[in-house]
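Biologist: I'd like to learn how to read a protein–DNA model piece by piece. Where do we start?

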Protein chains: 2
Amino acid sequence: MVRTIDELAELSGVSRATVSRVLNNGSVSDATRQRVQAVVDRTNFRPNPAARSLASGRSGVVGVVMHIDSHLLFRDPYFSQLLQGMSDALADGSAGMMLWLGNCSKEETLDRILGIRLLDGVIVTAHDLDDPLVDGLLASRLPTVLIGHRSADRTASYVDVDHVHAADAMTTHLLETGRRRVGHITGMRGTVTGEDRLTGYRRAMHRARLAIDDLVVDGDFNEPSGAAGAAVLLDHGVDAIFCANDATAVGALRVIRERGLRVPEDVALAGFDDLDFAAHLDPPLTTVRQGVREQGAQAVSSLFQLVRDRDGAPRRVILPTELVIRQSTVGGVPRA
Amino acid sequence: MVRTIDELAELSGVSRATVSRVLNNGSVSDATRQRVQAVVDRTNFRPNPAARSLASGRSGVVGVVMHIDSHLLFRDPYFSQLLQGMSDALADGSAGMMLWLGNCSKEETLDRILGIRLLDGVIVTAHDLDDPLVDGLLASRLPTVLIGHRSADRTASYVDVDHVHAADAMTTHLLETGRRRVGHITGMRGTVTGEDRLTGYRRAMHRARLAIDDLVVDGDFNEPSGAAGAAVLLDHGVDAIFCANDATAVGALRVIRERGLRVPEDVALAGFDDLDFAAHLDPPLTTVRQGVREQGAQAVSSLFQLVRDRDGAPRRVILPTELVIRQSTVGGVPRA
DNA sequence: CGGTACGTTGGAAGCGCTTCCACTGCCGCC
DNA sequence: GGCGGCAGTGGAAGCGCTTCCAACGTACCG
């Protein structure tokens, strides 16, 4: 078994430096490259990452930080899809992924991440408006990409979608179907997504010169809060409910049903995320598709660029969203 | 900023070798140790992991492989708790965790894990009776600990619980409450846990000289399969349903309710896992508690031992389970 | 009191790779 | 035809740590 670059060099009759160049896409003549590559392939050689890392200062490992309450983390498929998007993209770039979940305090997590001195960079979910972990990461020398962002981060690199715009579009859609009393069950207050979606809803309602006094109920992105919120909104006589995410909509749907009301005839219902199950609800849920996997992939790609060019400009990526209109708002297909 | 052990050596007036010993709990006199440690603390020094890894051959990073369909992975809190247990234990041992999920084929995953040459060892969930990924890992030189195990693995290290015994105990409990037609909705067939729990159920029924002809329905550990299974079993006139896990029980509970039957008066219901929500169902669910977090922690500790003593005997750990009896099988507390 | 043993320390040799620098040969240009 | 330049290559110096080995001093034994 060939374990070092020196053996490889001997086998292919070149110097160790040349083998290294072949392995790292350095400048080598075609003939030499092919000769060496053939030996590499034949012996299935993999360079020692520790040695490579020591010599080059890069490790090929990035950290992924999702400091989120585990209930939310694993209840909400959003995170799993995000993780998969990143995981795929990292594998494609033949980089490893180290994961930090929210087991300990944010301060402690920060300490560990900065202390490990192994990471080329980190990707961190930034959902709270105010987050010491994110602040600490940004303040450090470690290349960092946020998923979601705080408007204040003008120098940070991030990947996000325009929640305000998307929520506005959804609300507008509901209004266009003739609804007037459109309620909103918010996401968790204090989170970027929660606040932004609320802002978008408000904007659309305001533009339509509609009051929202008793039409907004606080939720927390979870099914139970959807049920509770819907109960309140139905009492206030809404004819449509826009939920801050799909999970919330599931809870709302249940309560609407329990009251003997029909969707969308009596109450239109909309969500946000377009998670897998949204299309399979009864009726299929109108929602906003944000390519979650794609967000993960994009974050990885931004981070790679940032690592390669440490002093480059921050990478800010806003991914598009798509209004996915299904039967929960427009009836449409008659049901048997 | 102190970045190397040499600077540290100079600051504390000892040789580089001695500093290294302090950092690695080598044999150093108390006086020297304290002097050096003081400098380490003051400068908040962290050794370069790449250099350490290159010199010692150990990386302090372990792989965690959960090659599972993402729907299952993130829908079922079992995995999140497992992950947390491992994550905590690894952090305590100041080791890093690299995570592999089931994004690509098992063969490809195996390739990547073995190719990375960075890992001190791996922990892999072994739920299928037959799994090329697990086989490949065990065949490699990489220290490996399985969570769950195949009975054939006599040389492998693993952490598991005695599913057969636990399922037997649960079934026996149901019989002791006077039930005679105890149905079972299995877990996914072909998985160790699914088959073992079925075996335990069979054993108990057999010991009670009860036929099980029409009392077993295949499920897949998910809520919908619980609903479907319960529908069949109720048609067959059962007076108790033992579900292969808690998620399945939730589906079953819904169907029982929809038919206007009472739990436990008409049908007793039991699950397996004791996930967080089990205690909060209505009625609270009788189930089997397996310390999932503890399994994760135990796997980590076994792996650490294995890494330290590569040629040691395989570590086989069977963790105890606990029958958690709640109102879904014994009525008990009268409800308002 | 000499010798042995042990606990503690420093010196030095790597671990396997990247990368800077110098060297070689060749082409093309004036 | 000579020379500057360049592409391709090898030599060698580390990257920051662990760990073997030898040296030292001290304590204890005979």
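Modeller: Start with the DNA, and keep in mind that this is a predicted model. There are 28 residues around DNA strand C, and those that come nearest are A:Ile5, A:Arg16, A:Ser20, B:Thr18 and B:Thr32. On the DNA side, sugar and phosphate make up 58% of the strand C atoms that come within 4 Å of the protein.

Biologist: Which polar side-chain atom lies 3.4 Å from a base nitrogen of DNA strand C?

Modeller: That one belongs to A:Arg21. For the phosphates, look at two other residues. A:Asn24 has a side-chain N or O atom 2.8 Å from a phosphate oxygen of DNA strand C. In chain B, a polar side-chain atom of B:Thr32 is placed 2.2 Å from a phosphate oxygen of the strand, and B:Thr32 is also among the residues that come nearest to it.

Biologist: Which elements give two or more residues to the surface near DNA strand C?

Modeller: Both chains join in: α2 (16–23) and α4 of chain A, plus α2 (16–23) and α4 (49–56) of chain B. The largest share is from α4(A), with 5 residues. Sort that surface by class and you get 12 nonpolar, 10 polar and 6 charged residues.

Biologist: Now the protein–protein side. How do I put a size on an interface?

Modeller: The size is often quoted as the accessible area that is lost when the parts come together. Here, about 3500 Å² is buried between chain A and chain B, and carbon and sulfur atoms give 58% of that. As for residues, 36 of chain A are in contact with 36 of chain B.

Biologist: How many salt bridges does the rule find across the interface of chain A and chain B?

Modeller: It finds 2. One salt bridge joins the side chains of A:Asp111 and B:Arg46, at 3.8 Å from N to O. If you're scoring these, the cut-off is 4 Å. Polar contacts between the two chains come to 4 residue pairs, with both residues at pLDDT 80 or more.

Biologist: And which element gives the most to the side of chain A that touches chain B?

Modeller: That's α6(A), with 7 residues. The elements that each supply at least two residues there are α4 (49–56), α5 (70–75), α6 (77–92), β2 (96–101) and α7 (106–116) of chain A. So α4 of chain A turns up on this list and also on the one for DNA strand C. By class, the side of chain A that touches chain B has 18 nonpolar, 10 polar and 8 charged residues.

Technical notes. Residues numbered from 1 in each chain as written. Chains lettered and ligands numbered in written order. Predicted model: local features only at pLDDT ≥ 70, side-chain atom pairs only at ≥ 80, totals over all residues. Heavy atoms only, no water. Contact = heavy atoms within 4.5 Å. Buried area = accessible area lost by both parts, 1.4 Å probe. Polar contact = N/O pair within 3.5 Å; in protein donor to acceptor, adjacent residues only side chain to side chain. Helix = DSSP H or I, 4+ residues; strand = E, 2+ residues; numbered from the N terminus. Nonpolar A, V, L, I, M, F, W, Y, C, P; charged D, E, K, R; others polar. Near = heavy atom within 4 Å.
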